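Visitor: Could you take me through the aromatic side chains here, up close? I would like to see where the rings sit and what they meet.

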Amino acid sequence: MIDLRSDTITLPTEEMREAMHRAELGDDSRDGDPTVRRLEEAAAAITDKQAALFVASGTMSNLVALLAHTGRGGEVLLDSESHIMRSEMGGIASLAGLFYRTLPSTRGAPDLAEMRERLNERLMANRLATALVCVETTHNSAGGAILPLDYLGRLRALTSEKGIPLHIDGARIFNAAVALGVPVARIAGYCDSTGFCVSKGLSAPFGSVLCGSGAFVERARAYRRMVGGAMRQAGAMAAAGLVALERMVDRLAEDHRRAKRIAEGLYAIDPRLTDPNLVETNIVMLGIGHTGADADSWIATLGKHGLKAGAWSRQSLRLVTHRHIDDAAVEQTIAIVRAASMAIKQPVSSRA
């Protein structure tokens with residue numbers, strides 16, 4: 001069975017397992033865990049930030065960042081299809097106590113003219129102050145789209161002019177950096193904070209790292225405890241994260257190449273399925289609205305042919321390449337989608 005539901009299904013490498021077995025441990029929330037400290041130092045260095053904090057997940061990273069930047073008050077500007085809005089169970093409001101305002105966006109990039117109109121540096125009688133701006137790269141809902149560096153530069157200039165902090169949800173920021181051919185620090189240089197996952201394409205089994213200034217991370221550490229994220233002998237997991245940063249970044253280009261090949265193969269089957277020109281990293285969005293079958297039907301049919309896919313909406317699927325998908329699996333995926341497409345087109349009466 002080929003599993004393209006997400007790059008979160010990746011398993012740790014043997015080197016990661018060995019590092020986890022041998023990791024030096026301590027109590028992270030008391031005296032500190034030495035291996036966690038090493039991961040945090042490595043993450044801060046690679047993003048060129050002063051400090052970093054190891055947390056359980058990308059969702060926790062974003063929640064803690066929201067809290068540390070705002071102190072539970074004010075308005076956050078962001079894209080309506082961002083991970084914070086779509087996939088984090090309303091934590092921005094129910095846990096962080098923040099009002100949010102969504103902006104019109106193109107492939108995950110909020111419109112800057114609209115943002116300028118909405119940014120408000122102080123509390124007024126009839127307007128909340130803008131507490132934070134959040135963007136996401138790569139952008140999950142936009143099919144792994146990358147925020148261009150010139151866009152980030154203009155966004156940073158705008159938020160700096162108003163004195164408002166900028167957080168980048170960088171769960172897959174290494175995918176963005178590899179695709180752009182720049183160091184991660186180049187992207188992180190445009191923001192006050194960023195968090196990245198070691199548990200997606202980087203293949204570690206657990207965790208994300210939130211990076212920012214020393215003062216920001218000190219506040220974030222307190223909020224991590226507030227939301228139940230204080231950890232004990234977390235070095236067993238941090239050790240895998242260190243291997244991920246040292247060994248797994250450059251190979252992300254293989255995932256990108258294979259995603260592009262899948263998109264090209266599906267386009268050859270039916271141009272309405274996907275557009276290869278929109279595939280920038282390791283995510284392929286599959287449009288199925290024209291087929292007359294919904295996502296559940298497609299997933300069931302693909303599963304019978306040996307492919308696991310994820311529903312993104314009633315009329316779209318998401319395919320995500322990762323370390324366990326080789327060139328042979330890519331070609332098999334294309335063949336399976338072709339077979340599934342033919343099966344779905346058959347009249348119901350012929351499916352006895």
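Guide: Happy to; here is a walk through the aromatic pairs and one ring with a charge over it.

This is a predicted model, in which local features need pLDDT of at least 70, side-chain atom pairs count only at pLDDT 80 or more, and totals for chains, interfaces and linings use all residues. Residues are numbered from 1 along each chain as its sequence is written, and side-chain values use heavy atoms, with hydrogens and water left out.

The structure holds three aromatic pairs; rings of Phe, Tyr and Trp (its six-membered ring) pair if their centres lie within 6.5 Å, and planes under 30 degrees apart count as stacked, over 60 as edge-to-face and the rest as tilted. One of them joins Phe-54 and Phe-206 edge-to-face, at 5.9 Å centre to centre with 75 degrees between the planes. This pair links distant parts of the chain, 152 residues apart: Phe-54 lies in strand 2 (residues 51-55), and Phe-206 in the loop between strand 9 (193-197) and strand 10 (208-212). Helices (H or I, at least four residues) and strands (E, at least two) are DSSP runs, numbered from the N terminus. Phe-54 is buried at 0% relative accessible area, whereas Phe-206 is partly exposed at 26%. Buried means under 20%, exposed over 50%, and partly exposed in between (1.4 Å probe, protein chains only).

Strand 9 itself carries Phe-196, which pairs with Phe-174 of helix 8 (residues 173-180), 22 residues apart. Phe-174 and Phe-196 are edge-to-face too, with 5.0 Å between centres and 85 degrees between planes. Phe-174 is buried at 3%, and Phe-196 is buried at 1%.

Lastly, the charged end of Arg-86 sits over the ring of Trp-312, 4.0 Å from its centre; this requires NZ of Lys or CZ of Arg within 6 Å of the ring centre and within 35 degrees of the ring normal.
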